[in-house]
Amino acid sequence: MVEAIVVSALGIVAAIAPGVLAQLSGKQSDEEAIEAARALASKIPDRTDQGDADTAERLKRG
Amino acid sequence: MDDDKSSAIDTWASWASAIMIALSIALIVWCSGCANPIGDQARAATVSAGALTAGGDVIMAARAASLDRVEAQYPADPEHDAQVEIESARWRPVLEALDAARTGLLAWIDSLDLARMAGGGDDLLAPIAVVAARAVQLVVRAFDLAASLGVEDLPAIPPVVRQLADGFAGR
């Protein structure tokens with residue numbers, strides 16, 4: 001649990017950091033902001049598939 | 001000794017989460033002054049996607065821990081398989097809610113991109129506000145559902161993100 005929180009926190013900071021820096025330099029366009037959002041959202045895994053795979057693995061080893 | 005170490009790690013994790021949320025809020029508050037509706041919404045979507053990623057990881061870890069306990073309690077078949085399936089089914093609505101929230105977020109982002117390509121007029125932003133509000137609500141509902149199963153330490157949706165969605169919904 002703790003590991004998940006820490007990894008997620010670091011992941012989010014790493015994901016938004018380029019956008020923050022681009023904003024600070026006044027260079028992030030709408031298109032770049034949208035692409036940054038899409039890049040992060042696209043990386044979110046399908047949780048139902050993830051759960052099904054985990055359940056199948058548990059049933060197999062049981 | 002182990003308890004001390006675990007406590008230190010918990011404290012560090014709490015600080016890391018707090019810093020993450022503070023950074024997100026600072027980013028949104030700062031960008032809210034830019035008077036750039038499409039850019040503001042895109043950054044709000046980025047923070048929402050980050051919260052959904054982090055929350056999803058926490059939920060999957062809690063689900064795994066719960067199933068581990070079930071397997072420890074029922075190590076042998078036929079109880080093992082039956083109990084694993086029951087516990088998996090208990091968590092399935094939460095996972096489906098997370099997937100629905102992700103779909104909502106991607107729809108929001110796609111709508112923003114279309115509005116940008118079409119010139120980004122107010123007549124385009126008004127309907128997107130509804131999509132934005134719905135996407136944020138789906139994230140909140142997924143987290144609420146997980147909390148009802150006892151999941152703790154879910155990331156907070158920054159209030160400014162909610163306000164952005166609500167504010168745009170009012171246009």
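Helices, as named in these legends, are DSSP runs (H or I) of at least four residues, numbered from the N terminus. The model shown in every view is a predicted one.

**View 1. The loop between helix H4 (122-148) and helix H5 (159-169) of chain B holds B:Asp153.** At B:Asp153 the backbone adopts a positive phi, near 65°, although this residue is not a glycine.

**View 2. A cis peptide bond links B:Asp77 to B:Pro78.** The omega angle of this bond is about 5°, and B:Pro78 belongs to the loop that lies between helix H2 (37-73) and H3 of chain B.

**View 3. H3(B) is a helix of 39 residues that bends at B:Trp91.** From its first C-alpha to its last, H3(B) reaches 57 Å, which is close to the 57 Å expected at 1.5 Å a residue. The bend at B:Trp91 amounts to about 35°, and within four residues there follows a proline, B:Pro93. After the helix comes B:Gly119, a residue with a positive phi, near 105°.

**View 4. Helix H3 (residues 47-61) of chain A packs against helix H3 (residues 79-117) of chain B.** The two axes are 8 Å apart and make an angle of about 170°; because angles over 145 degrees count as roughly antiparallel, H3(A) and H3(B) are described as roughly antiparallel to each other. On the side of H3(A), the contact is made by A:Arg47, A:Thr48, A:Gly51, A:Asp52, A:Thr55, A:Arg58 and A:Leu59, while the contributors from H3(B) include B:His80, B:Asp81, B:Val84, B:Glu85, B:Arg92 and B:Asp99. Sorted by class, this contact has eight charged, five polar and four nonpolar residues.

**View 5. Predicted confidence is highest in H3(A) within chain A and, among the elements of chain B, in H3(B).** In chain A the mean pLDDT is 78, with 55% of the residues at 70 or more; helix H1 (residues 2-24) of chain A has the lowest confidence, at a mean of 59, whereas H3(A) stands at 95. In chain B the mean pLDDT is 82, with 74% of the residues at 70 or more, and the element means run from 54 in helix H1 (residues 2-32) of chain B, the lowest, to 96 in H3(B). For the complex, the predictor gives an ipTM of 0.74 and a pTM of 0.75.

Conventions:
Residues numbered from 1 in each chain as written. Chains lettered and ligands numbered in written order. Predicted model: local features only at pLDDT ≥ 70, side-chain atom pairs only at ≥ 80, totals over all residues. Heavy atoms only, no water. Axes fitted to C-alpha atoms, helices over the stretch in contact; angles between N-to-C directions. Helix = DSSP H or I, 4+ residues; strand = E, 2+ residues; numbered from the N terminus. Parallel < 35°, antiparallel > 145°, perpendicular 65-115°, else oblique. Contact = heavy atoms within 4.5 Å. Nonpolar A, V, L, I, M, F, W, Y, C, P; charged D, E, K, R; others polar. Expected span 1.5 Å × (residues − 1). Bend = angle between axes of the 7 residues up to and from the residue. pLDDT = per-residue confidence, 0-100.
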